[in-house]
Amino acid sequence: MCSGILFVHIIPGEWSPAVDHAIWAEGLVKRFGETTALNGVDLAVRTGSVFGLLGPNGAGKTTAVRILATLLRMDEGRATVGGYDVATQAHQVRQLIGLTGQYASVDETLTGVENLLLIGRLLGMPKREAKARARELLADFGLTESGGRAAKTYSGGMRRRLDLAASLVGRPRILYLDEPTTGLDPRARLELWDLLRDLVARGVTILLTTQYLDEADALADEIAVIDHGRVIANGTPDELKAKTGAQTLAVRPADGAGLPVVQRVVTELTGMEPEVQGSLVTAPVTEPSVLSAAVRRLDKAGVLLAELQLRSSSLDEVFLSLTGRPAEEAPATESEEVSA
Ligand SMILES: Nc1ncnc2c1ncn2[C@@H]1O[C@H](COP(=O)(O)OP(=O)(O)OP(=O)(O)O)[C@@H](O)[C@H]1O
Ligand SMILES: [Mg+2]
């Protein structure tokens, strides 16, 4: 007998997603009045993998998640989750997924235990099972001691962990996390990353949205960069970094007179037209040896430096490299995207 979760649902003669994809979406379009939030997004998330949807504010990340979680209807396109069609088989899809939304969704007046118990009961678990599951999750998420306190007394990090625990009560095989670490301090962020890695090790598929390149890099097997409702680049973190420059060389001369020399040297060393903001010159680099080469060249040219570093590229820099414009720049063509 077949038991467990059915991951494939093929309609003969119709569109049939690849068997090994937990999430498959094609041509997703969603409009809100004048705004086209999604403008033809394709996504393929392999079962058991972490997929990072990376993009700036307003890119369409939450809209995509809400459609795939059956909370929002798409205007055009098609998507399956666990082989089930999100538009026509929403009930089956909901049984497979867990969702941690962008904003904390636990009931603040209830304690940690009560929040998890409530969800267990709503999912139809017998009381004893719901209690056991709540205890287990609180332990997994380091919340055992604070489980008896109202959630409103929790710190941001504790709340985020409770949120994540809440989305796991029903042991979902596919988990959507919408900006799970926004607002967390660096330590809480790393702790949450570890919790997510544990889930993946247990076979859970994760679709994660983030505004942080380093987060997508640390967690995701594959990344889609989304901008104004379109996927503008995708691939593994390594492929994406190779495309955009994994790191950024930043050089600031001590004296403005040195700026032209710095610009010339950075251009020659990186083969890229550098960005200049005030006296700071930056360019993406794929080869770490440019740092020592820059030191030698600028020293020889007699340019004194106020700043010289090689650092991880930010999302902004990846964007700039992919689109030629900063991530936060308002779209010039938004009104043209609205269909007649
Ligand atoms: N319910 C709605 N009504 C009207 N416009 C909406 C609605 N939801 C989203 N939008 C618009 O759709 C676009 C995409 O929004 P979305 O929330 O998906 O972006 P996001 O990538 O999640 O951004 P953020 O990083 O800020 O969370 C934005 O222009 C947003 O204003
Ligand atoms: Mg969002």
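How many bridges join strand 4 to strand 5? Two do, and the strands they link, with strand 4 covering residues 76-81, run antiparallel. Keep in mind throughout that this is a predicted model.

**View 1. Strand 4 meets strand 5 in an antiparallel pair.** Zoom in on T80 here: its bridge partner in strand 5 is D85. Strand 5 itself spans 84-85.

**View 2. Four strands make up an open sheet.** Pull back from that pair and the strand order reads 2-1-4-5, with antiparallel pairing. Strand 2 (35-46) and strand 5 (84-85) take the edges, and each has a single partner strand, so one side of each has no neighbour in the sheet.

**View 3. Helix 1 lies across three strands of the model.** The helix covers residues 61-68, and the strands it lies across are strand 1 (21-32), strand 2 and strand 4. Relative to strand 1, helix 1 runs at about 120°.

**View 4. T70 sits in the loop between helix 1 and strand 4.** Is T70 buried or exposed? Its relative accessible area is 11%, so T70 counts as buried, the cut-off for that being under 20%. Once you set aside its neighbours within four places in sequence, T70 is in contact with V86, A90, V93 and R94.

**View 5. R171 is a non-glycine residue with a positive phi.** Most residues other than glycine have a negative phi. For R171 the angle is about 50°. Look for this arginine in the loop that runs between helix 5 (156-168) and strand 7 (174-178). With a relative accessibility of 47%, R171 counts as partly exposed.

**View 6. E179 also has a positive phi without being a glycine.** Here, too, the value is about 50°. E179 is found in the loop between strand 7 and helix 6 (186-201). What is the relative accessible area of E179? It comes to 3%, so E179 is buried. R171, by contrast, is partly exposed.

**View 7. The charged end of R189 sits over the ring of Y212.** How far is that charged end from the ring centre? The distance between the charged end of R189 and the centre of the Y212 ring is 4.9 Å. As for rings pairing with rings, don't go hunting for them: the count of aromatic pairs comes to zero, where a pair needs ring centres within 6.5 Å.

Technical notes. Residues numbered from 1 in each chain as written. Chains lettered and ligands numbered in written order. Predicted model: local features only at pLDDT ≥ 70, side-chain atom pairs only at ≥ 80, totals over all residues. Heavy atoms only, no water. Phe/Tyr/Trp six-rings, centres within 6.5 Å; stacked < 30°, edge-to-face > 60°. Lys NZ or Arg CZ within 6 Å of the ring centre and 35° of its normal. Pairing = 2+ DSSP bridges. Contact = heavy atoms within 4.5 Å. Axes fitted to C-alpha atoms, helices over the stretch in contact; angles between N-to-C directions. Buried < 20%, exposed > 50% of the residue type's maximum accessible area, 1.4 Å probe, protein only.
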